[in-house]
Amino acid sequence: MTSASQLELPSELQQELQSVVLLRLGDRRFAIAANQISELVAPSRIFRFPHRSSNVEGVILRRGRIVPVCEVAERLLGKRILDRRFYLIALRRYASQSEWIALPVTGECELINAEITAPGEDDAPHVSGWISHDGNVIEVLNVVALTTPQPSNDEARS
Amino acid sequence: MRLAPRPKPAALKSEQIILFRVGGALFAISSASVQEVKSVDSLAGAAAEIKNSGIKKVRHALERDDQTLFVVNGTMHFSLPLTPGTLVFILYETRTALLIDRIEKMTSMTHLQALPSAFSGPERLWYRGLTALDQTVVPVVSPDGFLTADELFLLDAAVAEKSALQNAAANALTPQGEPAK
């Protein structure tokens with residue numbers, strides 16, 4: 001018997017179903033690989049203190065841990081969303097370790113299996129692929145790129 | 001995958017802290033870092049004004065034990081709404097005297113969590129970490145985080161310049177060749 005890998009199938013046929021979590025932000029849906037997601041939690045009190053990390057709103061307490069809340073709507077939708085219903089707790093990799101972050105979302109999330117298509121050259125860095133679901137094409141998000149602070153206009157010019 | 005509960009430290013070591021407010025915000029500092037707490041009024045005659053250092057959060061310096069301490073306005077350091085400071089923390093092993101609104105209370109913490117890596121700005125220097133107290137999260141300030149080496153250099157230069165101008169004025173002669181008063 002010949003295995004699939006021995007047949008050297010074209011890449012589009014080698015795609016396998018992967019678990020992704022569908023999330024809603026405003027009127028748009030996005031996906032994140034399920035293995036990067038811990039849980040969906042109801043809004044809890046957000047604690048704020050002085051800092052200069054523009055993409056961090058504050059922190060929440062979750063199971064004895066202090067988890068930073070990372071604002072992503074502005075990058076994905078071009079505007080902040082005040083109406084939020086849940087926090088999606090995701091694993092974010094840093095240089096030497098991984099840490100949990102909380103992503104505010106505006107609707108319930110859904111776990112599905114889907115084929116992920118690789119991103120195109122013109123896609124933004126926060127797009128790690130695409131899935132097709134319910135007749136919609138949905139961005140699969142790269143959590144690292146999405147939550148890496150963007151240089152300010154001044155920094156970018158210099 | 002579920003968020004695993006935080007692993008319990010082998011031995012909980014309690015650390016005495018002072019909770020204090022600056023610009024309405026709550027902070028903590030290790031009580032072992034605070035050498036002395038003084039009222040602003042008690043420093044009125046001892047503090048020398050510093051101008052033109054370029055460091056807006058420092059307006060005064062104190063001479064203490066043969067070294068110059070710089071009074072850092074906590075509200076300006078943290079970019080908080082300006083409030084009239086009433087107390088000054090003299091911090092051990094730094095050249096910082098921190099102007100604060102008031103002391104909330106003294107308590108102890110048993111766990112200090114490192115500042116999450118999502119925080120990538122100067123706050124990484126400002127804070128030793130975060131602690132949860134009574135279902136509230138409080139940043140624990142680092143005594144070394146109020147003045148950078150570059151800021152200290154500029155402040156020392158401003159103090160030296162002021163001292164030189166004062167000496168020059170003291171040694172200046174009148175047109176008649178007499179020492180100026």
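# A guided tour of a two-chain predicted model

Start by selecting A:Glu74 and A:Arg80, which form a salt bridge with their closest N and O atoms 2.9 Å apart. Keep in mind throughout that the model on your screen is predicted. Colour the two residues by accessibility and you will find A:Glu74 partly exposed at 42% relative accessibility, with A:Arg80 also partly exposed at 44%.

**Stop 1: a salt bridge between two strands**

Stay in chain A and select A:Arg28 together with A:Glu139. Their side chains meet in a salt bridge, 3.6 Å from N to O. Now show the cartoon: A:Arg28 sits in strand S2 (residues 28–33) and A:Glu139 in strand S10 (residues 136–141), so this pair ties together parts of chain A that are 111 residues apart in sequence. Is each partner buried or exposed, or in between? A:Arg28 has a relative accessible area of 34%, which makes it partly exposed. A:Glu139, at 13%, counts as buried, because the cut-off for buried is under 20%.

**Stop 2: over to chain B, then a network in chain A**

Next, select B:Lys38 and B:Glu36. These two form a salt bridge as well, with 3.1 Å between the closest N and O atoms. B:Lys38 is partly exposed, with a relative accessible area of 22%, and B:Glu36 is partly exposed at 25%. For a set of residues linked through shared partners, hop back to chain A and pick A:Glu39, A:Arg62 and A:Arg63, which salt bridges join into one network. Over all chains, the count comes to 14 salt bridges. As background, side chains of opposite charge can pair when their charged atoms come close.

**Stop 3: zoom out to each chain**

Hide the side chains and look at chain A as a cartoon. Its secondary structure comes to five helices and ten strands. Of its 158 residues, 43% count as buried. The accessible surface of chain A is about 9000 Å², and 46% of that belongs to carbon and sulfur atoms. If you draw a contact map, 52% of the chain A contacts between residues at least 6 apart in sequence join residues at least 24 apart.

Now switch to chain B, where you should see three helices and eleven strands. Trace the chain from the N terminus and the elements run β-β-β-β-β-β-α-β-β-β-α-β-β-α. Chain B has 181 residues, of which 40% count as buried. Its accessible surface comes to about 10100 Å², with 54% belonging to carbon and sulfur atoms. On its contact map, residues 24 or more positions apart account for 57% of the contacts with a separation of 6 or more.

**Stop 4: where the chains meet**

Show both chains and select the residues of each that touch the other. The selection should hold 31 residues from chain B and 30 residues from chain A. The size of an interface is often given as the accessible area lost when the parts come together. Here, the area buried between chain B and chain A is about 2500 Å², of which carbon and sulfur atoms give 62%.

How many salt bridges and polar contacts are there between chain B and chain A? The salt bridge count is zero, while ten residue pairs are in polar contact, both residues of each pair being at pLDDT 80 or more. On the chain B side, helix H2 (123–126), strand S10 (127–133) and strand S11 (136–141) are the elements that give two or more residues. The largest share, four residues, comes from S10(B). Colour this side of chain B by residue class and you will count 19 nonpolar, nine polar and three charged residues.

**Stop 5: two loops with positive phi**

Finish with some backbone angles in chain B. Most residues other than glycine have a negative phi. Which way does phi point for B:Gln135, which is not a glycine? Its phi is positive, at about 60 degrees. B:Gln135 lies in the loop between S10 and S11 of chain B, and it is exposed, with a relative accessible area of 61%.

Then select B:Asp66, in the loop between strand S5 (58–64) and strand S6 (67–73) of chain B. B:Asp66 also has a positive phi, near 65 degrees. Turn on the surface and you will find B:Asp66 exposed, with a relative accessible area of 84%.

Technical notes:
Residues numbered from 1 in each chain as written. Chains lettered and ligands numbered in written order. Predicted model: local features only at pLDDT ≥ 70, side-chain atom pairs only at ≥ 80, totals over all residues. Heavy atoms only, no water. Buried < 20%, exposed > 50% of the residue type's maximum accessible area, 1.4 Å probe, protein only. Contact = heavy atoms within 4.5 Å. Areas by Shrake-Rupley, 256 points an atom, 1.4 Å probe, with all protein chains shown as cover. Buried area = accessible area lost by both parts, 1.4 Å probe. Salt bridge = Lys/Arg side-chain N within 4 Å of Asp/Glu carboxyl O. Polar contact = N/O pair within 3.5 Å; in protein donor to acceptor, adjacent residues only side chain to side chain. Nonpolar A, V, L, I, M, F, W, Y, C, P; charged D, E, K, R; others polar.
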